[in-house]
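I opened my notebook to look up two things in a protein model: how its strands are arranged and where there is open space. Come along and check each entry against the picture.

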Amino acid sequence: MPATVLAFCNQKGGVGKTTTVFHLAAALSRHGLKVLAIDMDPQGNLSTILTGEPIHPGDAGIADVLSDRSDATLTDIIGPGIWPGVDLAATIPDAETLAAVRDELVLAGAGREHRLRDAVDSVRANYDIVLIDCPPSLDQLTINALVAADQVVIVSQSALFSANGLDRLRRTIDAVRRSYHPDLTLRGVIINLHEAQTIAGQEQLDEIAAHAEIIGYPIPKAVVIKDASEAQRSLEDWGTARARSLATIFSDITIALIGENNGTPAKA
Ligand code: ADP
Ligand code: MG
C-alpha cells in the first residue's frame, strides 16, 4: 500500500507542530514503519533536529524540488533521518530559499498548488507514512502541503484552540477541497502543551471534542519533550521513567493514526 500522507497544520507558531512530527517519527520508527518527513517550514526547524547527517547552507532541499529554477527531484534531496526507516526531505535552515520559493509560487501560474503533491506521488510507494511539517502561516507552502496530503492533522494547545483562528484553517481546508483536492479529510486534532491539572483544561478538551476528533491523549507540557528533540534523541532513548511514559503518548497517537494492526514493533 502506498503511504498515507499527513499534513500537520496550524498557522500559529509555537504550538508544537515540529516537535510532534519529530516524536511521532521516532514512534513510527519503533513500530517498524518506513517514514518520510517533509519540512515545509522555511525556518527548517524539523530539518535541524531530525537530520541524520550534517546539512550545509548550499545543499539542495525541498525548495529546489518546488522551484522552477531547479531540476532537483524529491528523490535527489531525500536524506537519512536519525532513526532506522526515517527519511527526511529537508529545508536548508537559514538559507531563505524556501521563503523565496513561497514568493515564487505566489506569482506562478496554473499547477503551482500541485508541485509538492506531484513530488510526493513519485516516492509514495517507498513509504508507509509521510509526515509534512507545515509552516506557521496559510500560504502557498501550506496549500501545497494540503494538496499533497490525504489527511490534515491540526496541532493545537487546548487553551488556544478556538482563539487560534482554527476557523480560518478550516476554511482554507474547505477551499483546498473545493478547488484542488475533494478527497482531503480532516483527521483530527492533536492536543499539545496540555494542562491536565486545571478544570479549564478539561473543559477546553470537551469543547474541542465537540468540533473534531481528538487523536490519542493530550500531550502535556514537559521540558523533556523539548530537551529530547533539541538533543536529537527520542523519548525512549532519553532513559528517564518520565520520558518513557511520555513516549507512550506518542506511541498511542501513532497507533490511532495508522491503526492497531499496521506495523510491527521494531524493537522489543
Ligand atoms: P511549531 O512547530 O508549531 O512552531 P514547535 O514544535 O517548534 O512549534 O514548538 C515550539 C516550542 O515549544 C519549542 O521550543 C518546543 O521545544 C517546545 N515544545 C513543544 N511541545 C512541547 C511540550 N509538549 N512540552 C514542552 N515544550 C514543548
Ligand atoms: Mg514548526
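My entries on the sheet come before those on the pocket.

**The sheet**

I noted before anything else that this is a predicted model. I then asked in what order the strands of the sheet lie. I found an open sheet of seven strands in the order 3-4-2-5-1-6-7, and the pairing is mixed. As a reminder to myself, strands of a sheet pair through backbone hydrogen bonds, either parallel or antiparallel.

Next I looked up which strands stand at the edges. They are strand 3 (78-80) and strand 7 (185-192). Each has a single partner strand, so one side of each is left without a neighbour in the sheet. From one strand to the next, I read an average twist of 25°.

I followed strand 7 to strand 6 (residues 151-157): the two pair in the parallel sense, over seven bridges. For one of the partners, I traced Gln157 to Asn192 in strand 7.

**Helix 1**

Helix 1 (residues 17-30) packs on the sheet, and I saw that it touches strands 1, 2, 4, 5, 6 and 7. Its direction makes about 165° with that of strand 5 (129-133).

**The largest pocket**

How much space lies in the largest pocket? I wrote down about 500 Å³. Its lining has 22 residues, and Gly14, Val15, Gly16, Thr19 and Lys226 lie nearest the centre.

I sorted the lining residues into eight nonpolar, nine polar and five charged. Helix 1 turns up again here: helix 1, helix 2 (45-50) and helix 10 (223-230) each supply at least two lining residues. Helix 10 gives the largest share, five residues.

How values were computed
Residues numbered from 1 in each chain as written. Chains lettered and ligands numbered in written order. Predicted model: local features only at pLDDT ≥ 70, side-chain atom pairs only at ≥ 80, totals over all residues. Heavy atoms only, no water. Pairing = 2+ DSSP bridges. Helix = DSSP H or I, 4+ residues; strand = E, 2+ residues; numbered from the N terminus. Axes fitted to C-alpha atoms, helices over the stretch in contact; angles between N-to-C directions. Contact = heavy atoms within 4.5 Å. 1 Å grid on protein atoms, 1.4 Å probe; cavity = no way out; pocket = protein on both sides within 12 Å on 5 of 7 lines; lining within 4 Å. Points joined across faces, edges and corners; volume = space filled by probe spheres on them. Nonpolar A, V, L, I, M, F, W, Y, C, P; charged D, E, K, R; others polar.
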